[in-house]
Amino acid sequence: MPNKRYSRREFLRTLSAATVAGLSIPVLSSCSKEQREDFLQKHFLEFSDEEKRNLIARLEERYLQKHKKKFTVSTQEALPNTLWGYGLDLSRCIGCRRCVYACVEENNCSRENPQSQWIRVIQLKKGSLINLEESEHYYNPPLVPEKEFLYMPVQCQHCENPPCVKVCPVHATWKEPDGLVVVDYNWCIGCRYCIAACPYRGRLFNWADPNVPPDKWNTSVHYLGNRPRMRNVVDKCTFCIQRVRMGRYPACVEACPTGTRKFGNLLDPESEIRYIIDRKRTFRLKEDLNTEPKFYYFFEA
Amino acid sequence: MGKLVNTAKETWRFYRKTLALVFTGSKEYYLWCILLLCIMLIGFLSYLKQAQVGLITTNMRDQVAWGLYIANFTYLVGVAAAAVLLVIPAYIYHFGPIKEIVVLGELFAASSITMALLFVFADLGRLDRFWHMFPGIGSMNFPDSLLAWDVLFLNGYLVLNLIIPIYLLVKMYYGKEPNKKFIVPLILMSIPWAVGIHTVTAFLYNGLPARPFWNASILAPRFLASAFCSGPAIIIIIFQIIREYTFVKIEDRALFKVAELMAYAMFLNLFLLLAELFKELYSNTVHIASVRYLYEGLHGNYALVPWIWVGLILNLVAFAIFLFPGTRQRLSTLNLGCVSIIAGVWIEKGPGFVIPGFVPDVLGEIYEYIPNLRELLISFGIWATGFLMFTLLMKVAIPIASGEFSHSKYETEKPAPKTK
């Protein structure tokens, strides 16, 4: 959003907020303070630094009241000269889904009814890698890997050309300077057009209020990442924005027992991801759609 | 001062008379309205529950993110578009009473668009944040998002279809001739706009390469062709109800001419379907999966198969009825054809179009979606709202158009009107 229109927009907003508030006094006065604050909250990218601090203080207080735990909500911005990229070694993945569960725990995803998984591992018959129509999502043998199958974990591919961002009617999702595609959960209107547009099933909907056991909350959260979500909004993998912007690996990378998952800065020639792109034969999922994913699949020679 | 009092008196008289028109009617009229109000109430209560708990109370899930609501939305946008396009033959063939037909068509379009928008509201997770889309105070993603286009086009169309009939009715109420320089451009504008809303709605799906089933250039023409079938089918039935219950004389000739145009539209619709099926079946790529799922079932999942075949047969039957002058010019078979088209096209471009776009999903998973009771109740509630809106609009508009209800200055003693 261009900055020069800021003041006019601000004026219009104040004017209409006043009108809306005036018209809806009977409705709003029956709402809680929390609902009122949420209703009038503006787009995250329009917050000044001070407003961000107030917002965070308010959220931490609210989470303390609601979940009886001290949360740390970060708004850490993108690091300079960073473009995050992911590598996944298909010859190593054994389909154990440890990444899936590590992700659910790290990112405060709903645990049941339904469990919301940002990573999906699909089982494919050997000899047919690209035909996803033949994939099995709910494979459940006593022991993985099974001989005749290979396993392909899929999550948000953090496209350079993200279709989800293009179709969102309200700019509730966007690409950060470090390439991460994020959602402002307080701005999303829940139309699910982005889910229809995503070729990778990278986006999930909170069909109900997320269901997390009280002692299972991860209290180290990012505003654009794993903070507790509300019902009827979209969320997605952020490559663990709360971790990677603090110099840590995403939870899925740490959880993988076979070293399948690699992560690093695409702009750093010395990074592991650049080594992989240089030395291995990599490909990206559904490259024909021109989405330019920053998620590289490869095979060990 | 005296003038002011007069205006106030006249306004009061208008409201009083309008209320009287709306609240008096035959036994059938009362029964119809009470029935609709009951369905609306049940639908509204179901919606409150959905708003309270979340969309988890529907059968939609991440695999099939849109369901019955968006299916109905798509269908109704087509109906709304076609209602206005009826204005063209009314002028070309000089159907009697043109003014009434224009007013009726536009008010019908307004009611359909209202229903379409209500379906979007029902589907929207965060209705409380709808203002995020308003230009100026919110942050509308225009022109990138086709949904933003759709919101602008649909609301513009709604406004247009309220301004035109209200203007005409006000003029009729005052017994004056409408200012042609003002209203004819608006009426002419509503025609390409009607094509526009349906094209934009088609592009909304068309522009998603992630969903090969929708990513077909034939989509917008198909949408328009099927809309030219379903919209007039509903209107033919409404015309007959109106001439049965009011003084408005609509000749059989007009109905039969519309039916003839529908035969061409249905031919085009079936032809475009054939073109699409040929491309899918003959090239037989992996992207055929959705078509397979729809017409023959996929890996043991058949939820839509009986529906789509019934829809196809209804469309073929209707085509035969409308093709032969003998059957389309007899009211009994004509009405059978209309009902077949209304149902057939609803299946084809409602659930038969929206759901297969999601099955199998982008990673090949099959989730069978069938709407649950809550979605059905909410949908029926919205349909009832549209019907009631149209009924009440007609209840006031027809007496104005036929001159029974006008400004006191022009009021003449007439026999007690035969009312709906």
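How many C-beta neighbours does B:Tyr369 have inside 10 Å, and does that make the residue count as buried or exposed? The legends below take this up, along with other close-ups of the predicted model.

**Figure 1. B:Tyr369 in its loop.** Welcome to the first stop, the loop between helix H14 (351-354) and helix H15 (373-401) of chain B, where B:Tyr369 has its place. B:Tyr369 has 23 C-beta neighbours inside 10 Å and therefore counts as buried, the cut-off being 20 or more. Leaving aside neighbours within four places in sequence, the contacts of B:Tyr369 are B:Asn59, B:Met60, B:Val64, B:Gly67 and B:Ile355. For a sense of scale, B:Thr7 is 362 residues away from B:Tyr369 in sequence, and their C-alpha atoms are 57 Å apart in space.

**Figure 2. B:Leu294 in helix H10 of chain B.** Here we look at helix H10 (residues 289-295) of chain B, which includes B:Leu294. There are 24 other C-beta atoms within 10 Å of B:Leu294, so this residue is buried. Once neighbours within four places in sequence are set aside, B:Leu294 is in contact with B:Leu304, B:Ile308, B:Gly352 and B:Pro356. B:Pro306 lies 12 residues from B:Leu294 in sequence, with a C-alpha to C-alpha distance of 9.0 Å.

**Figure 3. The largest nonpolar core, seen around B:Ala80.** This core has 188 residues, and the members that touch the most others are B:Ala80, B:Leu86 and B:Met262. Helix H3 (residues 68-85) of chain B is the biggest giver to the core, with 15 residues. If you follow B:Ala80 outwards, leaving aside its neighbours within four places in sequence, you meet B:Ala109, B:Ser112, B:Ile113, B:Ala116, B:Tyr157 and B:Ile197 as contacts.

**Figure 4. Chain B as the setting for these views.** Stepping back for a moment, chain B has 15 helices and 0 strands. Its radius of gyration is 23 Å, close to the 22 Å that the globule rule gives for 420 residues, so chain B is as compact as a globular protein of that length. The C-alpha trace of chain B spans about 75 × 55 × 45 Å along its principal axes. Of the 420 residues in chain B, 45% are buried. Taking contacts in chain B between residues at least 6 apart in sequence, 79% join residues at least 24 apart.

**Figure 5. Where chain B meets chain A.** In this view, 41 residues of chain B are in contact with 48 residues of chain A. On the chain B side, helix H6 (residues 146-173) gives the most, with 4 residues. That side of chain B is made up of 23 nonpolar, 9 polar and 9 charged residues.

**Figure 6. Strands S3 and S4 of chain A, side by side.** Now we cross into chain A, which has 10 helices and 12 strands. Strand S3 (residues 120-125) of chain A pairs with S4(A) in the antiparallel sense, over 6 bridges. Two opposite pairs help you find your way: A:Gln123 faces A:Tyr151 in S4(A), and A:Arg120 stands opposite A:Val154 in S4(A). In strand S4 (residues 149-154) of chain A, 5 of the 6 residues are buried, so S4(A) is largely enclosed by the rest of the structure. S3(A) also has 5 of its 6 residues buried, so S3(A) is largely enclosed by the rest of the structure. As background for the whole chain, 43% of the 301 residues of chain A count as buried.

**Figure 7. An open, mixed sheet in chain A.** The 4 strands of this open sheet run in the order S10-S2-S12-S11 (chain A), with mixed pairing. At the edges are strand S10 (261-265) and strand S11 (281-283) of chain A, each pairing on one side only. On average, neighbouring strands of the sheet are turned by 30° against each other, direction ignored. Strand S2 (residues 84-89) and strand S12 (residues 295-299) of chain A pair in the parallel sense over 4 bridges. There, A:Leu88 has A:Tyr297 in S12(A) as its bridge partner. Helix H10 (residues 272-279) of chain A packs on the sheet and touches S2, S10, S11 and S12 of chain A. The direction of this helix makes about 110° with that of S10(A).

Note on methods. Residues are numbered from 1 along each chain as its sequence is written. Chains are lettered from A and ligands numbered from 1 in the order in which they are written. This is a predicted model: local features need pLDDT of at least 70, side-chain atom pairs count only at pLDDT 80 or more; totals for chains, interfaces and linings use all residues. Two residues are in contact if their C-beta atoms, placed from the backbone, lie within 7 Å. Ala, Val, Leu, Ile, Met, Phe, Trp, Tyr, Cys and Pro count as nonpolar, Asp, Glu, Lys and Arg as charged, and the others, Gly among them, as polar. A nonpolar core is a set of buried Ala, Val, Leu, Ile, Met, Phe, Trp, Tyr and Cys residues joined through C-beta atoms within 7 Å. A residue is buried if 20 or more other C-beta atoms lie within 10 Å of its own, exposed if 12 or fewer, and partly exposed in between; C-beta atoms are placed from the backbone. The radius of gyration is taken over C-alpha atoms; the globule rule is 2.2 Å times the number of residues to the power 0.38. Two strands pair if DSSP finds at least two bridges between them. Axes are lines fitted to C-alpha atoms, for helices over the stretch in contact, and angles run from 0 to 180 degrees between N-to-C directions.
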